[in-house]
Amino acid sequence: MKLTWGQRLAVRIGDALQRIAPWDRLPRPLGLLCLIGIRIRLRLHNLYDPAPWRPPDAPPTGAAGFPFGRNQPLWDARAETEEGSLLEPSPRVISERLLARNGAFSPVPFLNLLAAAWLQFQVHDWVLHDKDPDPSRKIRVPLPDGDGWPYGSDGAMPVARSKHSAVPPTPGGPPVYDNSDTHWWDGSQIYGTTPEHEHSLREFEGGRLRLTEDGGLPRDPVTDDPQTGVTNNWWTGLWLLHWLFAREHNAICARLAAVFPGMGDEDLYTVARRVNSAVMAKIHTVEWTPSVLPHPTVRAAMHGNWYGMLGPRGSRLLRRITRRDVLIGIPGSPHDDHGVPYALTEEFVAVYRMHPLIPDELRIVSAQNGGRVADRSLAELLGPAAAIVDGQFRRCDLMASFGVARAGRIALHNFPDTLRNLARGAADVDAGDEPRIDLATIDVLRDRERGVPRYNDFRRMLRLPPASSFFELAGGDAATAALLADVYGDVERVDLMVGLYAEPLPEGFGFSETAFRIFVLMASRRLKSDPAFTDLYGPSHYTREGLRWIEGRTMRDVIAEHLPTLRPLIADVRNPFEPWDRPCNRRSGVTAPFAATPCGP
């Protein structure tokens, strides 16, 4: 990637400003200039194709089966092995001593459970590593004396390895893994990744997806699994969003058919999928991200990614005379992969490990009066139990419950207890896996196995200063520093996920600034490198009616359209991913039917 004079100037201005103060403490216009400079540097130094010698029959860029990229230089990336540091310190000890919630849930006040479900819903559109099917190659995580974990043998917890790519890696470079999902923002979690799967979900009339007579998701008659694009790690949160956006697809089909009565089933389906995927990308960009990172500069930056510097009205006017993304936003601007074939990266996967967002309990409330209907444990919302919950409670009550429930802090000692003792699905157990897993142990292990740098090296990779001590990493918390020191011994050994959870957060941040640097790079790259959001973003690809739908649709609109009982409740909500019962998230400040909760930190 060769920088223009304007890009070089932006980098120099950003560097000069950050010598005065960190970007998040500067006035918003100056903070935005800093973020532009940071993004340019990241594009220049942190995009790598791990397998440039792909054979001619390799999947095309961004397709399912295309390898994950890297944000670190290939010559620095090394997978950790059992002969080296893969099991040091023990991932299970880290799970037990640093990550375990042990019943003490720590909520984040400005984020609701719908935001947590949305993140998983989107991740299922983007990334999926396959497991190595060879049982003899499992990693054996030693269990410390007195651990008590009953699922294993010979004092070890077996964990399946990630499946290596068939594409050869760069000689001397890191291991390469394929993404079983498409890398594109194309709604594959709803529509599937293969033509056969996609066809099985369609009605083949009016472009619609198949739904049950009562408008619900159909279920497989043999396995009883929901019939949708991706069903991994299924729970009620995913069920709600898959159901919601399957109905949104059919609503788009109905609008297109009304405007274009001659449009056939195949065209209706294809255009509706494009529009639905763009609606989800827009919601993630301008609604979800500002909810989890409620900092005024971040909010302005994300709106700028979609609308440009002058907002929606300015973007519509300027599209007639320019395609510069700084003015009109990335949609409709020229495609650019910045000199590296587009792929989501292993480091992107690593920083999206945000399981602490999920509580172990959910109070189900009435959408009419906010009263308690029932309490359910997370275990009662997982897997096949999601269908049972759907049959027991009204969908509007379930959605309202997610709207008022708080997500958890992304921090140490807040990993869900349920996910640290998680029951496997029947298919996994039949395939030879253990009946339960500790997901926290596996999360730590995955980064080491895949060659993702440990915390301090990750910060060096991003040109950020490493933590000089456990005390600094813990933000001055002596007790946390002492515990980290006891587990790791050397601050250089701290795992990435642990460091991200321990790192003090800037004001208005729901996750660490280290993770945010990857977000700065990849959030815009997912749009800028995709022809569907750049060169093809126009009426010939989406139709004019489809573009109007994208422009006018918000998450609040989607919920109100398909759950009309919630319209009076949600009409006043500013951001559906923030708690619906906080006065500061409601235009009028009135939270009826729910009791008002404070808007403090």
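# Reading turns, packing and pairing in a predicted model

User: Thr543 has a relative accessibility of 12% and so counts as buried. Where is Thr543 found in this predicted model?

Analyst: Thr543 is found in the loop between helix H22 (539–542) and helix H23 (544–552). The reasoning about burial is simple, because buried means under 20% relative accessible area, and Thr543 stands at 12%.

User: Which sign does phi have at Thr543?

Analyst: The general idea comes before the case: most residues other than glycine have a negative phi, and most peptide bonds are trans. Thr543, although it is not a glycine, has a positive phi of about 70 degrees. His338 is also not a glycine, and its phi is positive at about 55 degrees. His338 lies in the loop between helix H11 (325–328) and helix H12 (346–351), and its relative accessible area of 5% makes His338 buried.

User: Which residues are joined by a cis peptide bond?

Analyst: Glu88 and Pro89 are joined by a cis peptide bond, with omega at about -15 degrees. The loop that holds Pro89 runs between helix H2 (28–45) and helix H3 (91–99).

User: Now to helix packing. At what angle do H7 and H23 pack?

Analyst: Two packed helices are described by the angle between their axes and the distance between the axes. For H7 and H23 the angle is about 140 degrees, and the axes are 10 Å apart. The two helices are therefore oblique to each other, and their crossing is right-handed. On the H7 side the contact is made by Glu248, Ala251, Ile252, Arg255, Leu256 and Val259, while on the H23 side it is made by Glu545, Gly546 and Trp549. By class, the residues of this contact between H7 and H23 are 5 nonpolar, 1 polar and 3 charged.

User: How should I describe the packing of H7 with H14, and which residues in H7 meet H14?

Analyst: The description uses an angle and a distance once more: the axes of H7 (residues 236–259) and H14 (residues 395–404) cross at roughly 115 degrees and come within 11 Å. The crossing of H7 past H14 is left-handed. In H7, Thr236, Gly237, Trp239, Leu240, Trp243 and Leu244 meet H14, where their partners are Arg395, Leu398, Met399 and Phe402. The residues of this contact between H7 and H14 are 7 nonpolar, 2 polar and 1 charged.

User: How many residues of H14 are buried?

Analyst: H14 is mostly covered, since 10 of its 10 residues are buried. Among the buried residues of H14 are Arg395 and Asp397, as well as Leu398, Met399 and Phe402.

User: Turning to strands, how many bridges join S4 to S5?

Analyst: In a regular strand the side chains alternate between the two faces of the sheet. Strand S4 (residues 361–365) and strand S5 (residues 372–377) run antiparallel and are joined by 5 bridges. Within this pairing, Leu362 stands opposite Arg376 in S5. The hairpin of S4 and S5 has 6 residues between the strands, and Gly370 in this hairpin takes a positive phi near 75 degrees.

User: One last residue: is Asp134 buried or partly exposed?

Analyst: Asp134 has a relative accessibility of 32% and therefore counts as partly exposed. Asp134 lies in the loop between helix H4 (113–126) and strand S2 (139–142). Asp134 and Arg161 are 27 residues apart in sequence, and their C-alpha atoms are 8.6 Å apart in space.

How values were computed
Residues numbered from 1 in each chain as written. Predicted model: local features only at pLDDT ≥ 70, side-chain atom pairs only at ≥ 80, totals over all residues. Heavy atoms only, no water. Axes fitted to C-alpha atoms, helices over the stretch in contact; angles between N-to-C directions. Helix = DSSP H or I, 4+ residues; strand = E, 2+ residues; numbered from the N terminus. Left-handed = near helix turned anticlockwise from the far one by under 90°. Contact = heavy atoms within 4.5 Å. Nonpolar A, V, L, I, M, F, W, Y, C, P; charged D, E, K, R; others polar. Pairing = 2+ DSSP bridges. Buried < 20%, exposed > 50% of the residue type's maximum accessible area, 1.4 Å probe, protein only. Parallel < 35°, antiparallel > 145°, perpendicular 65-115°, else oblique.
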